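This report is for a reader who is new to the structure shown below. It goes through surface patches, salt bridges and one helix in turn.

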Amino acid sequence: MDSVADGNHLGVVLPTGKAQWGEGTDPRDLIDFAVRAERLGYASIWAGDTLLRPVIETFTMLSAAAAATERVGLGSAALIPALRRPVQAAQAIASLDLLSGGRLTLTVGAGFPHRSETEYAVAEVPWRGRFARLDDTVALWRQLWTADGPTSYHGDVLHFDHIPEAIRPAQPGGPPIWLGGAAPAALDRAGRLYDGWLPYPPEPADYQTGLAAVRRAAIGAGRSAEAVTPALFATVLIVDDPEAGRRALAEYAQRTYRMPIEVVETIQLLVAGPPETVTAALDRYVAAGARHVVCRIGALDLKSQLDQLELISELRLSPAGAAQSTWSSQAR
């Protein structure tokens, strides 16, 4: 069953970072976390992607979760395609979608200045032209997933004269691909080229303004405004004492990003407090148009993550009216 009312869908991020599952924990317990999320009624489970910290690799985690679950959607939040060879990544994505029965959605991004430049260097990919590379990669994937036989691809950055026939995903045309980010150029590209938008703006007004820009871009590109699923990424923690919750999120921010919470909260949505406080904060984004809320739990050990998983599953956000998430139409 859905965890959020009237077409809103609630997802949860798997704590794949070593800092999030805690010392002395068997990382295979993350598979049980995914199973528990499905049993609690979450619509989706998500895995992040980085080379900056010790984490379980995105496709590896989602593949393990897919084998242990039956219905819950699987997603990346957010995948950095530049860290992988594009043709090989297309094969891995199609394989995961096939073996999961068409449950996959990808959120992709180009990384962040002053942080992801290190990842690009390790992946031996130039930082310059990263946005064109991202859009080229997604276009290449979609072409490979629909081509009848061998094909070629020539974009602004990627050039392949001959690509052998590729395996096709379970979902026709491939899994939906959402874009992270809220810069003006990202909003325009999300509307023109992508199937969904997954930002984490710290203010609902910024979300509403961004979504309006995404929809204008979609219409300008000859698409429907509803062609882009409006989603939200939020770091949440349910605690009785909001001040204690803020201290916990401050430690989470420091351990995860090595930055103080005062910096992180100017970039991302962070909310801690009793269930009614968290619900009210997320409801403001629902009112601004969000239809799929992806919750990252701001806790630093697996036991706390599991406790929070149950508490968050009990949240009941306000009805969203007529707008619906496209998630429910995906194959299960």
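How does Ile167 count by its relative accessibility: buried, partly exposed or exposed? In this predicted model, Ile167 has a relative accessibility of 39% and so counts as partly exposed, because buried means under 20% and exposed means over 50%.

**Surface patches**

Ile167 sits in the loop that runs between strand 6 (159-163) and strand 7 (177-179). Together with Leu98 and Leu99, Ile167 makes a nonpolar surface patch of about 300 Å².

A second patch is negative, and its members are Asp240, Asp241, Glu243 and Glu276. Glu276 belongs to helix 11, which covers residues 275-287. The relative accessible area of Glu276 is 55%, so this residue is exposed.

**Salt bridges**

How many salt bridges does the structure hold? The number is 13. Three of them are listed here, with the separation of the closest N and O atoms in each pair.

| Acidic residue | Basic residue | Closest N and O atoms |
|---|---|---|
| Glu57 | Arg84 | 2.9 Å |
| Glu70 | Arg71 | 3.7 Å |
| Glu265 | Arg246 | 2.8 Å |

The salt bridge of Arg84 with Glu57 has its closest N and O atoms 2.9 Å apart. This pair links distant parts of the chain, the two residues being 27 residues apart. Arg84 is in the loop between strand 3 (73-79) and helix 4 (86-99), while Glu57 is in the loop between strand 2 and helix 3. Glu57 has a relative accessible area of 32% and is therefore partly exposed.

In the pair formed by Glu70 and Arg71, the closest N and O atoms are 3.7 Å apart. How do the two partners stand in accessibility? Glu70 is exposed, with a relative accessible area of 60%. Arg71 has a relative accessibility of 45% and so counts as partly exposed.

Glu265 and Arg246 form a salt bridge in which the closest N and O atoms are 2.8 Å apart. This pair too links distant parts of the chain, with the two positions 19 residues apart in the numbering: Glu265 is in the loop between helix 10 (261-264) and strand 10 (270-273), and Arg246 is in helix 9 (residues 242-257). Glu265, at 29% relative accessibility, counts as partly exposed. Arg246 is partly exposed as well, with a relative accessible area of 33%. Elsewhere, salt bridges with shared partners join Asp49, Glu57 and Arg84 into one network.

**Helix 2 and the loop after it**

Which residues of helix 2 are buried? Helix 2 spans residues 29-39, and its buried residues are Leu30, Phe33, Ala34, Val35, Ala37 and Glu38. In an α-helix, residues three or four places apart point the same way, because there are 3.6 residues a turn. The buried residues of helix 2 pack against three strands and three helices by name: strand 1 (9-13), strand 2 (44-47) and strand 11 (292-297), along with helix 1 (18-21), helix 3 (58-68) and helix 12 (302-313).

Leu40 lies in the loop between helix 2 and strand 2. With 16% relative accessibility, Leu40 counts as buried, because the cut-off for buried is under 20%. Along the chain, Leu40 and Ala272 are 232 residues apart, and their C-alpha atoms are separated by 21 Å. Gly41 follows helix 2 and has a positive phi, near 95 degrees.

Note on methods. Residues numbered from 1 in each chain as written. Predicted model: local features only at pLDDT ≥ 70, side-chain atom pairs only at ≥ 80, totals over all residues. Heavy atoms only, no water. Buried < 20%, exposed > 50% of the residue type's maximum accessible area, 1.4 Å probe, protein only. Helix = DSSP H or I, 4+ residues; strand = E, 2+ residues; numbered from the N terminus. Contact = heavy atoms within 4.5 Å. Patch = residues over 30% accessible without salt bridge, like charges linked within 9 Å, V, L, I, M, F, W, Y side chains within 5 Å. Areas by Shrake-Rupley, 256 points an atom, 1.4 Å probe, with all protein chains shown as cover. Salt bridge = Lys/Arg side-chain N within 4 Å of Asp/Glu carboxyl O. Lys, Arg positive; Asp, Glu negative; His and termini not counted. Charge placed at Lys NZ, Arg CZ, Asp CG, Glu CD.
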